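Reader: I should like to go through this assembly step by step, with the reasoning behind each answer stated.

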Amino acid sequence: MSCVETIQAYAFRSLGFGERLLPRGEYTLCEHFTLIGSGLIWNVYFGALALLTGFFLAMALAVGKSSPNPLWRKPAEWFIFVFRGSPLFIQFFFAYACFLSLKGVSSFFDPFTSAWLGALVVLFCNTAAYSGEIFYGALLSIPKGDIEAADAYGMTGWNRFRRITFPTMLRLAWPAYTNEAIFLFHATTLVFFSGFPAWRQQGDALYYASYFADKTFNPFVPYPILAFYFILLTLVIISLFGFVNRRLNRHLPQERRAKPRLRISLIR
Amino acid sequence: MFSYCTDPSTLEGLSWLSCYLTTGKHVNLYISVFVVLTLLAITAPVALLFGFGAASAARSKFLPLRWFGKGYTSIVRGVPDIAFFLFFVIALDQAFEWMRHKVKCPDWDQPIRQGIDFVVCDAAKLPLSTSPQWVHETYGFFLAVLTFSIVFGAFAANVLYGAMRAVPRAQIETAEAYGMTHRQAFWRILVPQMWVYALPGLSNLWMVLIKSTPLLFLLGVEDIVYWARELGGTKTARFTDYPHPNWHVWYFAALLVFYLCFTKVSEIVLDRIMTRLTKGQATAAGEAQRKAAA
């Protein structure tokens, strides 16, 4: 097969389109690149959706955790503690086992036992907890003067939150949130190693990379390719988040703008 | 385990549970907790050592050494750590076998990689095919520890590199003014002072290390995840005295609670250490402590 044919056959293999059988025997570089790239679709799917939906729960958690009312504060604190204090790997296993037993109760839970929904729910809760903590920290470090100025203008409640608290919080949290987004995408590689079955060998990038490594006993080709894809993905995330960051900071004088700095990672 | 456990079919309630939780396989589960703790106990200092070496290399005046240090610290940033774990386990194993192959069988004329096979001479196999089971298990564990140390060494290097730069420049300048050499200033002034700056990062790293121990399962070590999966699965009456349906939920719930307790205890202990270390330091936290006491 020429490389174009390989791409036609395997580019959407991870979604179930194209050639059914995975390549056999001697693998070409082109097959490596195509299949691992095809698996990357799943990583992007999990990461992007979990990040988008998790953002709203994270906001709710951050506001809840900083609330003086223990009825709001305690649940938020516990949610954040449980999801930040335990390994994501165990969370996946536990959630999968849970969904499996719930499946027996009601057929409503059928889709939850497959990776596209079940793993997404776990990642959603996980990223919500991590970003909730980041936003909570940012809420605490909003300059006192900003709130006082809002009070002086007679802003209260929702109006003050929407115009003053929320934009400032987002601006302060953004560099850390960028970091969180990057490592969320990295965490998506765990999905198919943690109970959730790769139906018809439709897995993510790491699934195919380890497939090649297991078949060829040669880790020096598939894993660097995987690394290449992920570095590319990381660069895309940094530039997207950098764009938002510039927008959030555009009213500030040049030297006070917070630059996003890639910091030490948090494996889950 | 207990004397009344001889006939499980007659047992009820708590006594059944006490017998069930002390079967041979459950004892293996409890032993595997110690496997995890051993991994932590070995990995933490080794990773710290790797990190220290890499951080000092990244500050070196010798260019290739600096490249090595910077390269090592930045590898883990862009790529998922799980990929590194899966990569290093095979790569290290093959690297060891290849080195032994070069030493032990110098007159071997065939290529090492034949198509999709990795072939070394019999004497170079690690562990030797004749060696007992425990050697195989220990070798697997050793590879896992080394892999963890390499990955976490890179994280630690990041933290220590930042900490070395956080020590006020004036301290080094004072040391130089006293006529200390570069090496003396490094060991006598920089290293003792950097720990307080490094501790927040290192304690974060410790939490991350605890939370990454289940990945041992991916590296083929029989750890707690392995045994929880093994024991939680459906057991039929034909193969065991203690038949039960799929109990994965309970086993993984127990693991979840185990890790939550572990991280909570670590958090408390690390907070105490931090309070102790900041005492009398010229940092914001130290100043806050002084004010609170006054």
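The exchange below concerns a predicted model and takes up the interface, the fold of one chain, the nonpolar core and some individual residues.

Reader: Which element gives the most residues to the side of chain A that touches chain B?

Author: The contact between the chains involves 39 residues of chain A and 39 residues of chain B. On the side of chain A, the elements that give two or more residues are helix H3 (70-85), helix H4 (88-105), helix H8 (205-216) and helix H9 (222-248). With 8 residues, the element that gives the most is H4(A).

Reader: How many residues on that side of chain A are nonpolar, polar and charged?

Author: The count refers to the residues of chain A that touch chain B. Gly is placed among the polar residues in this division. The side of chain A divides into 3 charged, 10 polar and 26 nonpolar residues.

Reader: What pattern does chain B follow along the sequence?

Author: Chain B has 10 helices and 2 strands. Of its 294 residues, 28% count as buried, and among its contacts with a separation of 6 or more, 64% join residues 24 or more positions apart. Read along the sequence, the pattern of chain B is α-α-α-α-β-β-α-α-α-α-α-α.

Reader: Which helix gives the largest share of the largest nonpolar core?

Author: The largest nonpolar core has 121 residues, and those that touch the most other members are Phe92(A), Ala209(A), Ala83(B), Ala156(B) and Leu160(B). Residues up to four places away in sequence aside, Leu160(B) touches Gly51(B), Phe52(B), Ala55(B), Met194(B) and Ala198(B). The largest share of the core, 17 residues, comes from helix H5 (residues 133-166) of chain B.

Reader: Is Leu40(A) buried or exposed?

Author: Leu40(A) belongs to helix H2 (residues 29-65) of chain A. Beyond its neighbours within four places in sequence, Leu40(A) is in contact with Ala205(A) and Tyr229(A). Its C-alpha atom is separated by 8.9 Å from that of Gly203(A), 163 residues apart along the chain. Because Leu40(A) has 23 C-beta neighbours inside 10 Å, and 20 or more suffice, Leu40(A) counts as buried.

Reader: Where is Gln201(A) found, and why does it count as partly exposed?

Author: Gln201(A) has a positive phi of about 55 degrees, although it is not a glycine. Gln201(A) is found in the loop between helix H7 (157-187) and H8 of chain A. It counts as partly exposed because the number of its C-beta neighbours inside 10 Å is 17.

Reader: How many other C-beta atoms lie within 10 Å of that of Phe217(A)?

Author: Phe217(A) lies in the loop between H8 and H9 of chain A. Its phi is near 55 degrees, a positive value in a residue other than glycine. Phe217(A) is partly exposed, because the number of other C-beta atoms within 10 Å is 14.

Reader: Which helices do the buried residues of H3(A) pack against?

Author: H3(A) has 16 residues and reaches 21 Å from its first C-alpha to its last, close to the 22 Å expected at 1.5 Å a residue. The buried residues in H3(A) are Ala76(A), Ile80(A), Phe83(A) and Gly85(A). The partners of these buried residues are H2 and helix H5 (115-140) of chain A, together with helix H9 (248-278) of chain B.

Notes. Residues are numbered from 1 along each chain as its sequence is written. Chains are lettered from A and ligands numbered from 1 in the order in which they are written. This is a predicted model: local features need pLDDT of at least 70, side-chain atom pairs count only at pLDDT 80 or more; totals for chains, interfaces and linings use all residues. Two residues are in contact if their C-beta atoms, placed from the backbone, lie within 7 Å. Helices (H or I, at least four residues) and strands (E, at least two) are DSSP runs, numbered from the N terminus. A residue is buried if 20 or more other C-beta atoms lie within 10 Å of its own, exposed if 12 or fewer, and partly exposed in between; C-beta atoms are placed from the backbone. A nonpolar core is a set of buried Ala, Val, Leu, Ile, Met, Phe, Trp, Tyr and Cys residues joined through C-beta atoms within 7 Å. The expected span of a helix is 1.5 Å times one less than its number of residues.
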